Amino acid sequence: MITDVLVTATNRKEYLLAHPFAYQSGWMAAEDGYRHPVQLIASEQIKKQFAIGYEACMNNQFTLEGRENN
């Protein structure tokens with residue numbers, strides 16, 4: 001999943017609050033440098049939301065780096 005929005009320091013809080021807690025947790029784990037897959041003791045739905053958030057953050061970071069280099 002790729003985020004439709006480029007998340008920056010300005011809109012990060014608003015963006016994350018629009019998503020489920022597990023998504024937010026995945027996003028923050030990616031920001032904090034945790035390697036995926038992170039072991040979770042949770043339902044499959046929670047694990048899926050976490051993974052989606054993690055992937056979205058990683059994709060966003062890649063996009064930010066790419067824009068900074070151009």
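Of the 70 residues in this protein, 27% count as buried. The model on the screen is a predicted one. The accessible surface comes to about 5,200 Å², and carbon and sulfur atoms account for 55% of that surface.

Now the overall layout. The protein has three helices and zero strands. If you read along the sequence, the pattern is α-α-α. Helix H1 covers residues 12-17, helix H2 covers 21-31, and helix H3 covers 44-69. Next, the contacts between residues with a separation of 6 or more. Of those, 62% are between residues 24 or more positions apart.

Let's go inside. In soluble globular proteins, nonpolar side chains tend to be buried together. Here, the largest nonpolar core has 12 residues. Among them are Val7, Leu16, Phe50, Ile52 and Cys57. Which elements give two or more residues to this core? They are H1, H2 and H3. The largest share is that of H3, with five residues.

Helix H2 deserves a look of its own. Its buried residues are Ala22, Tyr23, Gln24, Gly26, Trp27, Ala29 and Ala30. Of these names, Tyr23, Trp27, Ala29 and Ala30 also appear in the list for the largest nonpolar core. After H2 comes Gly33, and its phi is positive, near 85°.

Gln24 is one to find on your own screen. Gln24 sits in H2. Is Gln24 buried or exposed? Its relative accessibility is 14%, and the cut-off for buried is under 20%, so Gln24 counts as buried. What does Gln24 touch, if we leave aside its neighbours within four places in sequence? The contacts are Leu16, Leu17 and His19. Leu16 is also a member of the largest nonpolar core.

Next, the aromatic rings. The structure holds three aromatic pairs. I will take one of them, Tyr15 with Trp27. The ring centres are 5.4 Å apart and the planes stand at 50°. Planes under 30 degrees apart would be stacked and planes over 60 would be edge-to-face, so this pair is called tilted. Tyr15 belongs to helix H1 and Trp27 to helix H2, so the pair ties together parts that are 12 residues apart in sequence. Both Tyr15 and Trp27 are buried. With Tyr23 added, Tyr15 and Trp27 form one aromatic cluster, and these three residues are also listed in the largest nonpolar core.

On to charges. How many salt bridges are there? The count comes to two. One is between Arg12 and Glu31, where the closest N and O atoms are 2.7 Å apart. Arg12 is in helix H1 and Glu31 is in helix H2, so this pair ties together parts that are 19 residues apart in sequence. Arg12 is partly exposed, with a relative accessible area of 27%. Glu31 is also partly exposed, at 34% relative accessibility.

The other salt bridge joins Glu44 and Lys47, with the closest N and O atoms 3.7 Å apart. Where do these two residues lie? Both are in helix H3, three residues apart, which is about one turn of the helix. Glu44 has 60% relative accessibility and counts as exposed. Lys47 is partly exposed, with a relative accessible area of 30%.

Two more residues of H3, and then I am done. Lys48 is found in this helix, and it is exposed, with a relative accessible area of 54%. Along the chain, Lys48 and Tyr23 are 25 residues apart, and their C-alpha atoms are separated by 8.4 Å. Ala51 is in H3 as well. At 26% relative accessibility, Ala51 counts as partly exposed. Ala51 and Ala29 are 22 residues apart in sequence, and 9.9 Å apart in space from C-alpha to C-alpha.

To recap, we have three helices and zero strands, a largest nonpolar core of 12 residues, three aromatic pairs and two salt bridges.

Technical notes
Residues are numbered from 1 along each chain as its sequence is written. This is a predicted model: local features need pLDDT of at least 70, side-chain atom pairs count only at pLDDT 80 or more; totals for chains, interfaces and linings use all residues. Side-chain values use heavy atoms; hydrogens and water are left out. A nonpolar core is a set of buried Ala, Val, Leu, Ile, Met, Phe, Trp, Tyr and Cys residues joined through side-chain atoms within 4.5 Å. Buried means under 20% relative accessible area, exposed over 50%, partly exposed in between (1.4 Å probe, protein chains only). Helices (H or I, at least four residues) and strands (E, at least two) are DSSP runs, numbered from the N terminus. A salt bridge is a side-chain nitrogen of Lys or Arg within 4 Å of a carboxyl oxygen of Asp or Glu. Contact means heavy atoms within 4.5 Å. Rings of Phe, Tyr and Trp (its six-membered ring) pair if their centres lie within 6.5 Å; planes under 30 degrees apart count as stacked, over 60 as edge-to-face and the rest as tilted. Accessible areas come from the Shrake-Rupley method with a 1.4 Å probe; for residues, only the protein chains shown count as cover.
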